[in-house]
Amino acid sequence: MALAKLESVVLDCPDPRALAGFYADVLGGTAEGDDDWVNLRVPGGPTLAFQRAPGFVPPRWPAADHSQQFHLDLTVPDLDAAEKEALELGARPLDTADRSRSFRVYADPAGHPFCLCAG
């Protein structure tokens with residue numbers, strides 16, 4: 001028997017409402033909270049939560065001296081179409097040059113790395 005159940009993944013950020021809005025546009029779902037904490041209930045997935053972090057410094061990818069700690073893998077049916085939409089929503093490319101791979105790496109508006117993965 002498991003000791004615990006995963007309730008949510010929490011991302012530190014400077015503006016929880018804005019970052020929850022970005023991920024709501026990418027993943028769908030409903031965001032609820034205040035200026036310091038927002039929960040995004042993702043259809044068919046765990047809750048993503050966003051916590052205000054004064055002095056937040058985004059991870060750098062790739063950089064051994066500034067570890068990314070974790071990243072999100074988001075499965076999409078069409079990498080090119082998903083990339084276009086993610087960039088329009090405010091993502092920025094980190095490692096997207098190799099178009100033969102099954103994934104591409106981006107940063108969300110707060111600087112957290114995430115991958116769009118062919119699914």
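Mentor: Let's start with a term: two residues are in contact when heavy atoms of theirs lie within 4.5 Å. Keep in mind that this model is predicted.

Trainee: Fine. Which residues does L19 touch, leaving out those up to four places away in sequence?

Mentor: L19 touches C13, F50, D108, P109, A110 and H112. L19 is in helix α1, as one of its buried residues. The others buried there are P16, A20, F22, Y23 and A24.

Trainee: What makes those α1 residues "buried"?

Mentor: The cut-off is under 20% relative accessible area. P16, L19, A20, F22, Y23 and A24 are the residues of α1 that count as buried, so each of them falls under that limit.

Trainee: How do you know that the span of α1 fits what is expected at 1.5 Å a residue?

Mentor: Look at its two ends. With 12 residues, α1 reaches 16 Å from the first C-alpha to the last, and that is close to the 16 Å expected. The residue that follows α1 is G28, with a positive phi near 85°.

Trainee: What does α1 pack on?

Mentor: An open sheet of 4 strands with mixed pairing, in the order β1-β4-β3-β2. Its edge strands are β1 (8–13) and β2 (30–33), and the twist from one strand to the next averages 20°. Helix α1 (residues 16–27) touches β1, β2, β3 and β4 (47–52), and its direction makes about 160° with that of β4.

Trainee: Why are β1 and β2 called edge strands?

Mentor: Each of them pairs on one side only. That's what the label rests on.

Trainee: And how do you know that β2 and β3 are paired?

Mentor: The rule asks for at least two bridges between two strands. β2 and β3 (residues 37–41) are joined by 4 bridges and run antiparallel, so they pass as a pair. As an example, E32 stands opposite N39 in β3.

Trainee: Now the interior. What is the largest nonpolar core made of?

Mentor: It has 23 residues, and L19, Y23, L40, L48, F50, F114 and L116 have the most contacts inside it. At least two residues each come from β1, α1, β3, β4, β5 (72–76), α2 (79–89) and β8 (113–118). Helix α1 gives the most, with 5 residues. In soluble globular proteins, nonpolar side chains tend to be buried together.

Trainee: What makes the side chains of β5 "alternate"?

Mentor: L72, L74 and V76 point to one face and are buried, whereas D73 and T75 point to the other and are not. In a regular strand, side chains alternate between the two faces of the sheet.

Trainee: Which strand runs parallel to β5?

Mentor: That's β8, joined to β5 by 5 bridges. L72 stands opposite F114 in β8. These strands belong to an open sheet of 4 strands, ordered β5-β8-β7-β6 and mixed in pairing. Its edges are β5 and β6 (92–95), and neighbouring strands are turned by 35° on average, direction ignored. In this sheet β7 and β8 pair in the antiparallel sense over 5 bridges, with A107 opposite P113 in β8.

Trainee: Here's one from strand β7. Why does R104 count as buried or exposed?

Mentor: R104 has 4% relative accessibility. Buried means under 20%, so R104 counts as buried.

Trainee: What does the side chain of R104 make a polar contact with?

Mentor: The side chain of D80, at 3.0 Å. The limit for such an N or O pair is 3.5 Å, so that distance qualifies. Beyond four places in sequence, R104 is in contact with residues including L79, E83, D95 and F114.

Trainee: And the loop between β4 and β5: why are R60 and F56 classed as they are?

Mentor: R60 has 45% relative accessibility and F56 has 22%. Partly exposed lies between 20% and 50%, so R60 and F56 are both partly exposed.

Trainee: How far are they from G111, C-alpha to C-alpha?

Mentor: R60 is 7.8 Å from G111 in space, though 51 residues apart in sequence. For F56 the distance to G111 is 9.9 Å, at 55 residues apart. F56 is also in contact with D12, C13, P14, A110 and H112, its neighbours within four places left aside.

Notes
Residues are numbered from 1 along each chain as its sequence is written. This is a predicted model: local features need pLDDT of at least 70, side-chain atom pairs count only at pLDDT 80 or more; totals for chains, interfaces and linings use all residues. Side-chain values use heavy atoms; hydrogens and water are left out. Axes are lines fitted to C-alpha atoms, for helices over the stretch in contact, and angles run from 0 to 180 degrees between N-to-C directions. The expected span of a helix is 1.5 Å times one less than its number of residues. Buried means under 20% relative accessible area, exposed over 50%, partly exposed in between (1.4 Å probe, protein chains only). A nonpolar core is a set of buried Ala, Val, Leu, Ile, Met, Phe, Trp, Tyr and Cys residues joined through side-chain atoms within 4.5 Å. A polar contact is a pair of N or O atoms within 3.5 Å; within protein, one must be able to donate a hydrogen and the other to accept it, and residues adjacent in sequence count only if both atoms are side-chain atoms.
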